[in-house]
Amino acid sequence: MAGYAIEAEALTKYYGKTRGIDKLSLTVEKGAFFGFIGPNGAGKSTTIRTLLGLISPDSGRGRVLDKDITKEKRKILERVGYLPSDNAFYMGMRVGDILKLSAGLRKKDCSVRASELCRRLQLDLSKKVEDLSFGNRKKVGIACALQHSPELLILDEPTGGLDPLIQHEFFDILQEENEKGVTVFLSSHVLSEIQRHCTQAAVIREGRVIACDSVERLARSNARRVTLRGNVRREDLPDLKGWKEEEGIISFLYSGEIRELIRKLADLEIQDLTIAEPDLEEIILHYYGEGSEEA
């Protein structure tokens, strides 16, 4: 499957003087299971809403499924399944009515697929919206996004409120869709979700993409997580990141030569020492740097 499902070039959106996204560029290949990583306030939702034509960019260009985001947004929305971070439904309606309304707006009969999704997500079609928990409202949004068999799924923080068993079932569903050729674009600040399920990912910081690669390559780093127990002070090992000290156990990230680290540690009182690969979360924090803005 050649080509890109998503293309963004220097997209910029400001809300008055407040930054949304700033010259953001990004490409997502068709058929990818793609992660979009960043803390709250980094610009993830603004990026998604701009790509879908729900808000207009101040400058820059974008295409989704080979359609221009400003001129052909209706055609884009016909082929995309979108789950916003916050779901809003008409009060007084039952789950089944909401799913029918969503399908009707697309002029499709999605009843068979909707029933299957509700069964797998343990969602009661007869329940009224106002009687649903936050997690169950999220399930309704998931079913609305998936029931019409879209070519591209754009999911903004989809697992908030879902219990662990439903999260597992949800990702099983996404994996099945991806294996059929559906592109999955998953926005999340839960890095374990990205590492476990995505093959490619981009890191967004303060409205700009600062890294984009396969998850495997993003997770590679010269840095090592060093854990030790002993009489060691922070000033004994300067220029380290991620220093943590708890109950006599010290850990930090080290990017230099291991031989040089061993030489420094040899002069200190060390009882135990472990040197290991850091996880993706620690590496992503490297991209952000200590003390960077996250709001």
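**Figure 1. The largest nonpolar core of the predicted model holds 40 residues.** V140, L155 and L174 have the most contacts inside this core. Helix α5 gives the most to it, with 6 residues. Another core lies apart from the first and has 25 residues. L11, L52, V80 and F185 are among the residues of that second core. As background, nonpolar side chains in soluble globular proteins tend to be buried together.

**Figure 2. L155 and its contacts beyond the local sequence.** Neighbours within four places in sequence are left aside here. The remaining partners of L155 are L83, F170, L174, V184, F185, L186 and S187. L174 and L155 also rank, with V140, among the residues with the most contacts inside the 40-residue core. F185, another partner of L155, is listed in the core of 25 residues.

**Figure 3. Helix α4 packs against helix α5.** Helix α4 covers residues 111-121, and helix α5 covers residues 134-146. Their axes are 10 Å apart, at an angle of about 145 degrees. The crossing of α4 and α5 is right-handed. From α4, the contact uses R113, L117 and L121. From α5, it uses K139, I142, A143 and L146. By class, these residues comprise 5 nonpolar, no polar and 2 charged.

**Figure 4. Helix α4 also meets helix α6.** Helix α6 runs over residues 164-179. The axes of α4 and α6 come within 9 Å and cross at roughly 145 degrees. On the α4 side, the contact is made by R113, L117, R120 and L121. On the α6 side, I166, E169, D172, I173, E176 and E177 take part. The class count is 4 nonpolar, no polar and 6 charged residues. R113, L117 and L121 of α4 appear in this contact and in the contact with α5.

**Figure 5. Cysteines C110 and C118, with C144 as the closest cysteine to each.** How many disulfides does a search of the whole structure find? The search finds 0. The cut-off is 2.5 Å between cysteine sulfur atoms. The sulfur of C110 is 9.6 Å from that of C144, its closest cysteine sulfur, so the pair is too far apart for a bond. C118 is in no disulfide either, with the sulfur of C144 8.7 Å away. Are C110 and C118 buried or exposed? C110 counts as buried because its relative accessibility is 7%. C118 counts as buried too, at 3% relative accessibility.

Notes. Residues numbered from 1 in each chain as written. Predicted model: local features only at pLDDT ≥ 70, side-chain atom pairs only at ≥ 80, totals over all residues. Heavy atoms only, no water. Buried < 20%, exposed > 50% of the residue type's maximum accessible area, 1.4 Å probe, protein only. Axes fitted to C-alpha atoms, helices over the stretch in contact; angles between N-to-C directions. Helix = DSSP H or I, 4+ residues; strand = E, 2+ residues; numbered from the N terminus. Left-handed = near helix turned anticlockwise from the far one by under 90°. Contact = heavy atoms within 4.5 Å. Nonpolar A, V, L, I, M, F, W, Y, C, P; charged D, E, K, R; others polar. Core = buried A, V, L, I, M, F, W, Y, C linked by side-chain atoms within 4.5 Å.
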